[in-house]
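Got the viewer open? Let's take a short walk through this one, picking out one thing at a time.

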Amino acid sequence: MFARSAVRMARYDVSPHLSKWWKGVRPDDGQVTRHLSPFEQQIVMPWLKTFPKRAYAKFSDSGPYLVATAIIVYGTAAASDAADHAQDKSYRY
């Protein structure tokens, strides 16, 4: 009778010297033990398929602000360069 229960309690997935340590560990129910290879997953493809639509939506949402900011920054830089150049010319003679 004990021989039947001893066979059932033995663990063959661990080393013999660790069988006492792993005796109480039960396998997790529902744990995922298989995964897909990175070559099977196609991680980038969904992003590439939706990129044009998302880029258009993001640009149409914040594009006018970005364009207006770029114009203001470029205009300020050009005006300050022109004022600096005019001041340099005034000190020549």
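Start by selecting Phe51, which sits in helix α3, the stretch covering residues 45-90. Bear in mind that you're looking at a predicted model. Switch on a surface and check Phe51: with a relative accessible area of 43%, the residue is partly exposed, because that value falls between the 20% and 50% cut-offs.

Now add Trp47 to the selection. Trp47 and Phe51 are four residues apart in helix α3, so about one helical turn separates them. Trp47 also counts as partly exposed, at 44% relative accessibility.

Show both side chains as sticks and look at the rings. Searching the whole structure turns up one aromatic pair. It's the one you have selected: the ring centres of Trp47 and Phe51 lie 5.1 Å apart with the planes at 45°. Why is this pair called tilted? The 45° between the planes of Trp47 and Phe51 makes it so, since stacked needs under 30 degrees and edge-to-face over 60.

Next, widen the selection to Ile43, Val44, Met45, Trp47, Leu48 and Phe51. Together these residues make a nonpolar surface patch of about 600 Å², so the two ring residues, Trp47 and Phe51, belong to the patch as well as to the tilted pair.

Finally, zoom out and colour by secondary structure. The protein chain has three helices and zero strands, running α-α-α from the N terminus. Colour by burial instead: of the 93 residues, 2% are buried. The chain exposes about 9500 Å² in total, with carbon and sulfur atoms supplying 64% of that area.

Conventions: Residues numbered from 1 in each chain as written. Predicted model: local features only at pLDDT ≥ 70, side-chain atom pairs only at ≥ 80, totals over all residues. Heavy atoms only, no water. Helix = DSSP H or I, 4+ residues; strand = E, 2+ residues; numbered from the N terminus. Buried < 20%, exposed > 50% of the residue type's maximum accessible area, 1.4 Å probe, protein only. Areas by Shrake-Rupley, 256 points an atom, 1.4 Å probe, with all protein chains shown as cover. Patch = residues over 30% accessible without salt bridge, like charges linked within 9 Å, V, L, I, M, F, W, Y side chains within 5 Å. Salt bridge = Lys/Arg side-chain N within 4 Å of Asp/Glu carboxyl O. Phe/Tyr/Trp six-rings, centres within 6.5 Å; stacked < 30°, edge-to-face > 60°.
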